[in-house]
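Biologist: I have the sequence and the fold open side by side. Can we walk through the interior, the helix and the ligand site?

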Amino acid sequence: MKILVINGPNLNMLGIREPGIYGTGTYAELCRLIRAKAEELGVETEIFQSNSEGELVTRIQQALGREDAIVINPAAYTHTSIAILDALKAVGLPAAEVHISDVTKREAFRQISYAGMACQRHYIGLGFEGYLRAMEDLAADAGR
Ligand code: DQA
């Protein structure tokens, strides 16, 4: 099994970016945790980050025939991007939505998640742990 982990804009700035909201862990640390979890689960993983919507859409499309499940934190595009929602629906792979912060308790403009509409699982406000639980649950769903 191969799990694609996708991170959207500004998540490469983790550790520097608003630490009161997103914590002090860096993007490199997040990637290390994801790789360690994949090893523990006996699955392969591919990690992708982009600040641009089109690149995120293209990478989701490329998952078809290449990966078996998607963990995605679309960051700000969560709340705006119908293109990412459509891409997730187009490939139809099992998908989990992750948000480091608890978006349900934040600004009104963060209350809609388009991408989340194409995800079967949701991990909101659990910090980096959300990515790891998403991987565990997607692997379990696939019988791993
Ligand atoms: C985020 C929440 C989004 O609202 C925000 O735009 C982000 C990160 C999170 O992980 O908490 O960039 O997706």
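Biologist: Which residues of the largest nonpolar core touch the most other members?

Modeller: This is a predicted model, so keep that in mind throughout. The largest nonpolar core has 26 residues. Those that touch the most other members are Leu14, Leu30, Ile34, Val71, Ile100 and Tyr131.

Biologist: Which element gives the most to this core?

Modeller: Several elements share the job. At least two residues each come from β1, α2, β3, β4 and α5. The top contribution is six residues, and the element is α5.

Biologist: Which residues of α5 are buried?

Modeller: Buried here means under 20% relative accessible area. The cover over the buried residues of α5 includes β1, α2, β2, β3, β4 and β5. The buried residues are Gly130, Tyr131, Leu132, Ala134, Met135, Leu138 and Ala139.

Biologist: How far apart are the end C-alpha atoms of α5?

Modeller: Start from the length. Helix α5 runs over residues 129–141, which is 13 residues. At 1.5 Å a residue, the expected span is 18 Å. The model agrees, because the end C-alpha atoms are 18 Å apart.

Biologist: Which residue just after α5 takes a positive phi?

Modeller: Look just past the end of the helix. The phi there is about 85°. The residue is Gly143.

Biologist: What does Ile100 touch, leaving out residues up to four places away in sequence?

Modeller: Ile100 is also one of the residues around the ligand. Its contacts include Leu11, Leu14, Tyr22 and Asn73. The others on its list are Gly125, Leu126, Gly127, Phe128 and Tyr131.

Biologist: Which side chains have an N or O atom 2.8 Å from an oxygen atom of the ligand?

Modeller: The residues around the ligand include Tyr22, His79, His99 and Ser101. For the 2.8 Å distance, one side chain is that of Arg17. Another is that of Asn73. A further one is that of Arg110.

Biologist: How much of the ligand's accessible area does the protein cover?

Modeller: Take the ligand on its own. Its accessible area is then 320 Å². The protein covers 99%.

Biologist: Does Lys2 count as buried or exposed?

Modeller: Lys2 sits in strand β1. It touches Glu44, Glu46, Arg66, Glu67, Asp68 and Ala69, leaving out residues up to four places away in sequence. Its relative accessibility is 19%, and the cut-off is under 20%. Therefore Lys2 counts as buried.

How values were computed:
Residues are numbered from 1 along each chain as its sequence is written. This is a predicted model: local features need pLDDT of at least 70, side-chain atom pairs count only at pLDDT 80 or more; totals for chains, interfaces and linings use all residues. Side-chain values use heavy atoms; hydrogens and water are left out. Helices (H or I, at least four residues) and strands (E, at least two) are DSSP runs, numbered from the N terminus. The expected span of a helix is 1.5 Å times one less than its number of residues. Buried means under 20% relative accessible area, exposed over 50%, partly exposed in between (1.4 Å probe, protein chains only). Contact means heavy atoms within 4.5 Å. A residue is near a molecule or strand if one of its heavy atoms lies within 4 Å of it. A polar contact is a pair of N or O atoms within 3.5 Å; within protein, one must be able to donate a hydrogen and the other to accept it, and residues adjacent in sequence count only if both atoms are side-chain atoms. Accessible areas come from the Shrake-Rupley method with a 1.4 Å probe; for residues, only the protein chains shown count as cover. A nonpolar core is a set of buried Ala, Val, Leu, Ile, Met, Phe, Trp, Tyr and Cys residues joined through side-chain atoms within 4.5 Å.
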